[in-house]
Amino acid sequence: MSLTDWTGAALDSPAEDEPPSSDEWHPVEVPGRPERFADADIVAYRTEFADPTDGDERATLELRGLFADARIWLNGDLLGEHDTYFLPARYELDLEADNELVVECRAPDEFAGIYGTDRVPESRAVPGIWWGVDLETHPETFIDRLSLTPRRTDEGAVIDAELAVEAGEALDDRISLSVRPQGFRGGGVMERARIEADAGERAAISKTLELRDPAYWWPAGHGPQHRYAVRARLGDSERVVQTGLCEVEEAGDGTDGLVVNGQRVRARGFSLLPTGDPTWDVERAANANANLVRARGHVPPAEFYEAAAEAGLLVWQDLPISGASDYDAERATDLAESVERHPCVAAFGVRSDPSDHLAGVGPSRFARYKVRWRAWRAGHDPTPDREVAEAFPDDAVVFPVSGAPGIDADATHVYPGWEFGDVGDTEWILDKYDCGGAVGAFGAGSLAEEAGGDGDPAGFDASAHDAYVPQSGDDVGAVEASQAYQTRVLKHVTETLRRRGTGLLTADALRDTDAGAGMGVLTADGSQKAGYEAMAASLEPVQVLLDAYPTGGDTRELTVVNDTPEEVSGTVSWTAGDRTGGSDVSVEAYGRERAGTLDVPTDAEAVELSFGRADGAVQNVYPL
């Protein structure tokens, strides 16, 4: 059962040994982020419930998304403390007929990640119980935990299962374990594991389950998303967990992206920031032809990974470490070791944006000089970040540092046409600072369809926007101009990276975090900006691209990119004003092939490209 009837109160200081008290308790929604507490550093939550157990049944409490430093009391007694919001806090309860549960949540001093930056509004970082509270009843002896680690072997694949059993009485029995394919035909597995325990003991056992003719989970466009359900049963108690088999490595040459299950994959997509329903964001990213999403500076709930696995999206998972501040490396190592290995997680990041030395350079004609000077002066010691990175499994792809050029980042953040210079500086910055392997962020912000309220929206640099986008007294015209500029920047940088064969790229970002404006191609409420459909075209696995965003009077070169594992052949067609042209092109797997040039008339309103094959055609449009 879920506990959902709660009251809450903002506190001036943390409670001591006793549960916190307040003169004013307000009804609140749990799970959730009550907006009335948006500027509070400490919030207490309280609920009452009756004992749901019957006879010899036992009860456990699980709280998910406790942000961030929490203490939990039951009937006046401290159950425990918890300081990792993305791991559940789980306790066995000794219940009375009627019970009071009180939870105190405090904003973190460190490891807030992106929640500690101005990228996220205060309303998204409320101390609280974000994801759920469940009260479970169990038999006297029950399986409390089932965790799975799938891995490939020389003979095929295995799933290593680890179980924890609470023995209410002396136990000498066998746990049955089964593996069943989900939604596809394949071989199942049935095994049994011996368990012995004394009454009151928590027993841990492990079992390796061998899969015959294993089926693998693949990113979209490279194969099916096969998954398995592992069921553990002991008497009347059972646990079921889904998993998948997927092995990800970094390509050896540094430019070809990832190798998934032995096959090359060029990963392309968006950063996802903490907005609303993360499963909805996954769906919209997939609809825009992404095959990768980056959880930038935060760890989402379990539903996010389930949605990504179902949609065939790879995940780049950051630790919650952002900015230049020092942090407890030992604690960060614990976090790295505790992040779950979902089958869709392709890469991990440790620290994001340790320096903002290129912010604010602007569109000055001396921009390149300023970039070189600031990059030369910038510095960051990556030693603690690289030490934390070693805590991830040996076979994991890890980017210890992601940030601006000049700090020797493992994944680069580049914002030509937003932080510095103009969008035409893209090739220069990529070549100058050797940014070909992984580009973790790029883009430009834009206004939403409706003007924002007082102050700058979170995650939006209004001064940068005003420096690049012509101002208009007409609100509608201002929004259109703003989104048109964002579209040009995103398409130019995305397509430049794709033509160069950059193996991993994520645009910043899919959705705004605040109303009024932001870096997303969707507004905070999910409405599409002009950049959404434009990016969907630029991210098509097979697409015809221009060598730069066109303007009237340009001569532009066409290139067909193929990021699929099969050769493609088709016809390139283009229209620019009253001019048309085309050619037939074949492109090898993961290849690029030039397809001629086009001249843009000075009075053209758009350049329209298409690449047609026997199974259909893809379009790519550049409004002028």
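Me: A cavity is a set of grid points where a 1.4 Å probe fits but cannot get out. With that in mind, how many cavities of 30 Å³ or more does the structure hold?

Reply: Happy to help. This is a predicted model, and it holds 2 cavities of 30 Å³ or more. The largest cavity contains about 40 Å³ of space, and the second largest about 30 Å³.

Me: What makes a residue part of the lining of the largest cavity, and which residues line it?

Reply: A lining residue has an atom within 4 Å of a point of the cavity. For the largest cavity, the residues are Arg119, Leu273, Ala458, Gly459, Ala509, Arg511, Asp512, Thr513, Gly518, Met519 and Gly520. By class they comprise 4 nonpolar, 4 polar and 3 charged residues. Gly counts as polar in this scheme, so Gly459, Gly518 and Gly520 fall among the polar ones.

Me: Which residues line the second largest cavity, and which helix gives the largest share?

Reply: Its lining is made up of Lys491, His492, Glu495, Thr496, Arg499, Leu546, Asp547, Ala548 and Tyr549. Helix 8 (residues 475-500) gives the largest share, 5 residues. The classes here are 3 nonpolar, 2 polar and 4 charged. Asp, Glu, Lys and Arg are the charged types, so Lys491, Glu495, Arg499 and Asp547 belong to that class.

Me: What makes a pocket a pocket, and what is the volume of the second largest one?

Reply: A pocket is an open set of points with protein on both sides within 12 Å along at least five of seven lines. The second largest pocket has a volume of about 820 Å³. Of its 36 lining residues, Asp118, Arg119, Asp356, Ala359 and Glu419 are the closest to its centre. The lining divides into 16 nonpolar, 11 polar and 9 charged residues. Helix 7 (residues 462-468) supplies the largest share, 4 residues.

Me: His465 is in helix 7. Is His465 called buried or exposed, and why?

Reply: Its relative accessibility is 4%. Buried means under 20%, so His465 is called buried. Leaving out residues up to four places away in sequence, His465 touches Trp418, Gly445, Ser446, Leu447, Phe460, Gln471 and Ser482. Each of these counts as a contact because it has heavy atoms within 4.5 Å of His465.

Me: On to the sheets. What makes strand 10 and strand 11 a pair?

Reply: Two strands pair if there are at least two bridges between them. Strand 10 and strand 11 (residues 156-166) have 11 bridges in the antiparallel sense, so they meet the cut-off. Within this pairing, Leu148 stands opposite Ala161 in strand 11.

Me: Why are strand 10 and strand 14 at the edges of their sheet?

Reply: The sheet is open, with 3 strands in the order 10-11-14 and antiparallel pairing. Strand 10 (142-153) and strand 14 (202-211) each have a single partner strand, so one side of each lacks a neighbour in the sheet. Neighbouring strands here are turned by 15 degrees against each other on average, direction ignored.

Me: What is the strand order in the open sheet of 4 strands?

Reply: The order is 13-12-15-16, again with antiparallel pairing. Strand 13 (189-197) and strand 16 (237-243) are its edge strands, each pairing on one side only. From one strand to the next, the twist averages 20 degrees. Strand 12 (residues 171-182) and strand 15 (residues 227-234) share 7 antiparallel bridges, and Arg180 has Ala229 in strand 15 as its bridge partner.

Notes. Residues numbered from 1 in each chain as written. Predicted model: local features only at pLDDT ≥ 70, side-chain atom pairs only at ≥ 80, totals over all residues. Heavy atoms only, no water. Helix = DSSP H or I, 4+ residues; strand = E, 2+ residues; numbered from the N terminus. Axes fitted to C-alpha atoms, helices over the stretch in contact; angles between N-to-C directions. 1 Å grid on protein atoms, 1.4 Å probe; cavity = no way out; pocket = protein on both sides within 12 Å on 5 of 7 lines; lining within 4 Å. Points joined across faces, edges and corners; volume = space filled by probe spheres on them. Buried < 20%, exposed > 50% of the residue type's maximum accessible area, 1.4 Å probe, protein only.
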